[in-house]
Amino acid sequence: MKTGKLFVFSAPSGSGKTTIVRNVLKENPDFVFSISATTRKCRKMETHRKDYFFITEEEFKRNIAENKFVEWEQFYGYYYGTLKSFIDSNIHEGRSVVFEVDVKGAIQIKNHYPEAVLIFVKPPSLEILKQRLIERKTECEEDLKKRFERMEMELSYESHFDHVVINESLQNAIEEVKKIIELNKMGEEK
Ligand code: 5GP
């Protein structure tokens with residue numbers, strides 16, 4: 001029987017991870033994006049049930065109690081979690097699942113699904129990443145400090161990943177990811 005594969009992407013914000021993930025989904029129309037649940041507010045460009053399941057904190061905590069998450073984390077006061085049922089129903093129907101989660105979430109997914117392929121998207125340098133965030137001017141001084149600390153923490157998890165892709169040129173990074181996917185798509189038959 002054909003079972004789906006799991007491809008998990010993590011990166012500090014600003015590394016170009018979202019663009020790379022979108023490209024993977026475009027190139028592989030039979031893949032699905034793992035829609036996480038979150039308690040943060042829906043942003044302008046986002047859609048409920050497409051980008052995230054936007055739920056209340058009460059509902060999120062109920063899902064934790066009912067053991068519905070493979071993993072969950074809290075960032076900047078909001079909860080984010082990966083739903084077990086979403087993964088299992090897709091892989092059993094032969095669809096590969098693509099995740100975009102933080103580094104700790106990726107490691108937890110690998111603990112539950114050892115066959116998952118973890119891909120770390122790395123910025124060419126931490127300084128460039130910090131500069132981009134400063135130029136974006138969306139964060140106050142204190143939040144910037146928190147985000148910088150988080151970036152450094154995330155970069156220290158690189159060695160837990162199966163593949164590290166440096167996003168110096170987006171096109172090269174996309175090509176590299178394409179090769180990783182092709183290699184791991186093989187042997188989909190079980
Ligand atoms: P954002 O609020 O910008 O969409 O996401 C914030 C962070 O949460 C990003 O690093 C994103 O990859 C991560 N994230 C999104 N969904 C999940 C999830 O289900 N689990 C974990 N651990 N992290 C997630």
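I'll start with one strand pair: strand 3, residues 36-38, and strand 6 run antiparallel to each other and are joined over two bridges. One of those contacts can be named, since A37 has G81 in strand 6 as its bridge partner. Bear in mind that this is a predicted model.

Now the whole sheet. Four strands make up an open sheet, ordered 4-3-6-5, with mixed pairing. What stands at the edges? Strand 4, residues 52-54, and strand 5 do, and each has a single partner strand, so one side of each has no neighbour in the sheet. On average, neighbouring strands are turned by 25 degrees against each other, ignoring direction.

Next, the helices on this sheet. Helix 3, residues 84-92, packs on it and touches strand 4, strand 5 and strand 6. The direction of helix 3 makes about 25 degrees with that of strand 6. Helix 4, residues 103-112, also packs on the sheet, touching strand 5 and strand 6. Its direction makes about 170 degrees with that of strand 5.

Last, the largest pocket. It holds about 1400 Å³ of space. Lining it are 39 residues, and those closest to the centre are T18, R40, R43, Y52 and E100. Which elements give two or more residues to the lining? They are helix 1 (17-27), strand 5 (69-75), strand 6 (78-83) and helix 6 (141-155). Helix 1 provides the largest share, five residues. By type, the lining divides into 17 charged, 13 nonpolar and nine polar residues.

So much for the pocket; strand 5 and strand 6, which we met in the sheet, are both on its list of contributors.

Terms used. Residues numbered from 1 in each chain as written. Predicted model: local features only at pLDDT ≥ 70, side-chain atom pairs only at ≥ 80, totals over all residues. Heavy atoms only, no water. 1 Å grid on protein atoms, 1.4 Å probe; cavity = no way out; pocket = protein on both sides within 12 Å on 5 of 7 lines; lining within 4 Å. Points joined across faces, edges and corners; volume = space filled by probe spheres on them. Nonpolar A, V, L, I, M, F, W, Y, C, P; charged D, E, K, R; others polar. Pairing = 2+ DSSP bridges. Axes fitted to C-alpha atoms, helices over the stretch in contact; angles between N-to-C directions. Contact = heavy atoms within 4.5 Å.
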